[in-house]
Amino acid sequence: MTTTLHNRSAVDAHVHVHPKMVGTLLDIMEANNLSQVVNLGILEVLGIPFQEGMRAFRKALGERMVYLPAPEFRDTSPGFGERMAEELERKVEAGACGLKIFKELGMRHKDADGNLIPVDDPRLDPLWAKAGELGIPVLIHTADPVAFFRPLDENNERWEELQEHPDWHFAGPEFPGHDTLLAQRNRVIARHPGTIFIGAHLGEYPEDLAYVDACLDRYPNFYVDTSARIGEIGRHPVEEIRAFFLKHQDRVIFGTDLVLGCGVFDDRAQEDMAEFKHFYDAHWRFFETEEREIEYPGFPIQGRWRVDAINLPDEVLEKLYLRNAQQLIPGLQE
Ligand SMILES: [Zn+2]
């Protein structure tokens with residue numbers, strides 16, 4: 001077994017942190033050797049004014065946090081894509097470093113006529129083009145675990161989790177299927193080769209490494225992050241996972257989906273520090289050791305299975321934890 005565990009710094013490129021939780025975040029970063037974090041879309045989700053949120057982030061964290069705003073779908077009358085593009089440009093001028101897209105695109109956001117807006121709706125093309133023009137990446141979350149699209153009964157492998165979060169269940173006829181949503185996303189990636197897309201949650205198909213592998217081969221402007229899916233990634237035979245991470249060592253970005261504020265870990269900061277340490281250690285253990293049958297980060301929410309660690313070489317870890325994100329996201333420094 002490898003004995004040195006995580007003696008390097010890392011960027012967590014997928015967090016959602018409320019401005020009131022910046023102090024807790026700083027403690028977490030110090031305790032877990034995180035040099036910088038990429039905070040995604042929280043201001044727009046909570047309706048916190050952009051300037052006010054950015055001021056709070058800067059005051060507490062300076063350059064150690066970069067922020068990616070999410071477009072707001074409140075006004076979807078004609079011209080919404082152009083307006084979102086203009087809004088993005090203004091926010092980038094004011095310090096934003098990318099664009100975050102939540103899974104509601106394709107599943108819940110509707111246009112002014114009440115029709116679902118598909119991910120590849122041409123009315124959004126100005127937004128994707130603008131991100132490319134500004135040289136910023138789009139961190140896009142499309143669909144969700146495959147099980148969330150399957151019937152909800154005790155045969156569903158995410159049964160326990162869906163009991164707690166019934167709003168994560170998308171099997172109804174009002175929702176497009178998992179494959180349909182990913183096909184929509186892929187058409188956007190193909191249509192905008194000058195824009196960088198980072199697919200959250202291993203491109204939202206960690207259940208099928210061959211599918212993600214094919215997407216990465218097909219679209220040179222596509223990248224993926226590891227957030228919240230070590231449990232799924234770790235279910236494949238260890239040599240297959242390792243081969244995937246070695247082949248795509250320039251295309252995979254480390255992120256966790258840490259959430260602070262918004263009802264999760266509100267005001268419980270100090271006693272939770274050990275829990276956060278355990279959470280990050282579970283990531284380092286998966287990527288850096290050869291341990292077998294370990295708990296994935298967040299166990300057992302995704303299911304009561306265990307995973308085998310994949311022991312990546314140092315130079316691959318360096319890319320995963322730091323270099324790949326630094327190359328793609330402005331504001332992350334060496
Ligand atoms: Zn997330």
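In this predicted model, histidine 14 is buried, its relative accessible area being 0%. The residue belongs to strand β1, which spans residues 10-17, and this strand is mostly covered, since eight of its eight residues are buried.

Strand β1 has two pairing partners to be described here. With strand β2 (residues 34-40) it pairs in the parallel sense over four bridges, and within this pairing alanine 10 stands opposite leucine 34 of β2. Between the two strands the chain passes through helix α1 (residues 22-31), forming a β-α-β crossover that is right-handed. The pairing of β1 with β9 is likewise parallel and comprises three bridges, and histidine 16 has valine 259 in β9 as its bridge partner.

A zinc ion is held by three protein donors, His14 (NE2), His16 (NE2) and Asp257 (OD), which lie 2.1 to 2.2 Å from the ion, and along the chain these donors follow the spacing H-x1-H-x240-D. Distant parts of the chain are thereby linked, as histidine 14 in β1 and aspartate 257, in the loop between β8 (252-253) and β9 (258-260), are 243 residues apart. Aspartate 257 counts as partly exposed because its relative accessibility is 21%, where the lower limit of that class is 20%.

Elsewhere, glutamate 288 is located in helix α12 (residues 269-288) and counts as buried, because its relative accessibility is 5%. The side chain of glutamate 288 is joined to that of tyrosine 321 by a polar contact of 2.6 Å. From alanine 70, glutamate 288 is separated by 218 residues in sequence and by 33 Å in space, C-alpha to C-alpha.

Conventions
Residues numbered from 1 in each chain as written. Predicted model: local features only at pLDDT ≥ 70, side-chain atom pairs only at ≥ 80, totals over all residues. Heavy atoms only, no water. Donors = N, O, S within 2.8 Å, 3.2 Å for Na, K, Ca; no water. Buried < 20%, exposed > 50% of the residue type's maximum accessible area, 1.4 Å probe, protein only. Polar contact = N/O pair within 3.5 Å; in protein donor to acceptor, adjacent residues only side chain to side chain. Pairing = 2+ DSSP bridges. Right-handed = clockwise from strand over helix to strand, strands pointing away.
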